[in-house]
Amino acid sequence: MSRLDAITKVETFIVSIPRDVPYLGPLRDGERVNEKGYLIRNGNRSIYPSTDMSVLVKVTAESGKVGWGETYGIVAPQAVTTIINDVLAPVIIGRDPGDPVVIHEDLYDLMRVRGFFGGYYVDSLAGVDIAIWDLFGQCVDRPLASLLGGARRRSIPAYVSGLPKATLQERCDLAVEWVKKGYRGVKFAAAVSDEGIVAEMKALREAVGPGVDLMVDLHWKFTAPEAVRIIKKLEAHDLYFAEAPCEPEDMEGQEIVARGVGAPLALGEEWRTVYEYRPRFEKRCMGVIQPEMGHTGVTEFLHIGRMAHAFHVDTIPHASIGIGVFMAASLHATAALKRTPYHEYQHSIFDKNLTYVTGDMRCEAGFYHLPSGAGHGVAPHDSVFNHVIG
Ligand code: MG
C-alpha cells in the first residue's frame, strides 16, 4: 500500500504570552513572582507561570503539508523541547503521518524500560502526537474528529472554570455574569476560597440560583476523611462534582471518598496514560474523568475516553494553559466520544489567546464550537512568533 506522505522535519517553539492577572486571580498575601517568572499559590502549594507559557510542535511532510501540536510547557518548557528535539524527532523523520497510533506506541516504548511513562516524557509525546494527527488530517483533507470515528456533535457544552477575582462578592458577581451569558456550569477553586470552601459554595448557589451546575476543585488539599466531611457539606448546596479531593497518589483515599459521598468525584487532570486511569476505574474512584489533551495527546486521550465508556464514567476534559492548539484537538476528541456532558472552559486563557490561532474555534453562550477545516482546524497565527523565547 502506498504511503500517505513522509515526515521530514520537526520543530519546537516555546511561547510566553503576557497576561494582566495571573492564572487563578490576583496574587494573595505572601505570593510573589520569582526571578524565573513563576509564582507559588499558597492555597495549593503549586507553581504556575506568570505568563501563558506553552510549547508548540510543528511537523512538516515531504509534500510541504504541516501539522501543529502543543503540549504542556507551563514550567521548565525546555525539558519538553529537549526531549522532542534530541530523542523523538530523529525517530519520526521518514515515518508516515497516516500512522499516528503506531508512531505514538513506538515512541512510548523508547524510554519505557527506564521508567519514563509519565511526566515530561509523556508530555513530549503528546505534543508530537497532536501534530502528527493534524498532519494526517491535512494530508487526507478530513477533520480530526472524523479520523477518530466521527463527530457526534458540532458544539460541546462548556463549564466556566475559575472565578479569578479577589473577593467572594466579586466571584459571585462574575459567576452570575457567566450564567447570564448562557453558561450552565461554573467551577470554583478551593485554592483561592479565602472565606472558606463551604461559605463560597453557599454564596455561589444563592447568587446563581437552582438549575446551574456548580463544581468545586479541591486541589488535593484533604485527607480522605476530611474530604468526605467537606463534600457532604457542599452537597447540601447541590454539588455537581468534587474535583481532586485527595493527594494525587492517594488511590485508596480516592476510593474511600468516592464511596463516602453522593456527588461524583472528578479526577485525572494529572494522569497521562490508561495505565494510571485503569486501576482507578477498577476501584470505581470517580464518576467523571478529566483527561488533559496537553498531557495525553490524541491517541492516549481516545484510549482513556473509550476505557471510560467501558466503566460507564463521564469524560469532562480538563483545559489548561495553552494558546489553543491542544484545545482544538481536545474538542475534536471530545466530539468523537460518548458521555461528554461538558468540556472545561478556562475563559481567562481561551478567549485571550484565541487571537493567536487561525480558524473559527470559539466558545459562545455556553458552548464550544468545533473548529472546521482539516485536522484539528487551528494553527498558530504569525503573531505568536513575537512571543517565542529560548
Ligand atoms: Mg483542577
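## Starting point: a residue in a loop

Helices of at least four residues and strands of at least two are DSSP runs, numbered from the N terminus. With that in hand, we can place Ala-336 in this predicted model: the residue sits in the loop that joins helix H11 (325-335) to strand E13 (343-345).

Is Ala-336 buried or exposed? Its relative accessible area is 7%, so Ala-336 is buried. Setting aside residues up to four places away in sequence, Ala-336 touches Ala-145, Leu-148, Gly-150, Arg-152 and Arg-306. For a sense of distance, take Asp-29: it is 307 residues from Ala-336 in sequence, and the two C-alpha atoms are 44 Å apart in space.

## His-332 in helix H11

Helix H11 also holds a residue worth a visit, His-332. Its relative accessibility is 0%, and therefore His-332 counts as buried. Which residues is His-332 in contact with, leaving aside neighbours within four places in sequence? They are Pro-143, Leu-144, Ala-145, Leu-148, Leu-370, Pro-371, Gly-375 and His-376. Ala-145 and Leu-148 will look familiar, as Ala-336 touches them too.

## The magnesium site

Next, the metal. The magnesium ion has three protein donors, Asp-217 (OD), Glu-243 (OE) and Glu-269 (OE), at 2.0 to 2.2 Å from the ion. Along the sequence, these donor residues follow the spacing D-x25-E-x25-E. Asp-217 belongs to strand E8 (residues 213-217), while Glu-269 is found in the loop between E10 and H9; the pair is 52 residues apart and links distant parts of the chain. Asp-217 and Glu-269 are both buried.

## Helix H8 and its packing partners

Helix H8 spans residues 251-260, and its buried residues are Met-251, Gly-253, Gln-254, Glu-255 and Val-257. What do these buried residues pack against? Their partners are helix H7 (224-235), strand E10 (265-267) and helix H9 (274-282). E10 and H9 are the elements on either side of the loop that carries the magnesium donor Glu-269.

## Where H2 crosses H10

Our last stop is a helix pair. Helix H2 (residues 100-110) and helix H10 (residues 293-310) have axes that come within 9 Å and cross at roughly 125°. That angle is why H2 counts as oblique to H10. The crossing is left-handed.

On the H2 side, Pro-100, Val-101 and His-104 meet Thr-296, Thr-299 and Glu-300 of H10. Sorted by class, this contact has 2 nonpolar, 3 polar and 1 charged residues.

Terms used
Residues are numbered from 1 along each chain as its sequence is written. This is a predicted model: local features need pLDDT of at least 70, side-chain atom pairs count only at pLDDT 80 or more; totals for chains, interfaces and linings use all residues. Side-chain values use heavy atoms; hydrogens and water are left out. Buried means under 20% relative accessible area, exposed over 50%, partly exposed in between (1.4 Å probe, protein chains only). Contact means heavy atoms within 4.5 Å. Axes are lines fitted to C-alpha atoms, for helices over the stretch in contact, and angles run from 0 to 180 degrees between N-to-C directions. Angles under 35 degrees count as roughly parallel, over 145 as roughly antiparallel, 65 to 115 as roughly perpendicular and the rest as oblique. A crossing is left-handed if the near helix is turned anticlockwise from the far one by less than a right angle, and right-handed if clockwise. Ala, Val, Leu, Ile, Met, Phe, Trp, Tyr, Cys and Pro count as nonpolar, Asp, Glu, Lys and Arg as charged, and the others, Gly among them, as polar. Donors are N, O and S atoms within 2.8 Å of the metal (3.2 Å for Na, K and Ca); water is not among the atoms, so sites may look incomplete.
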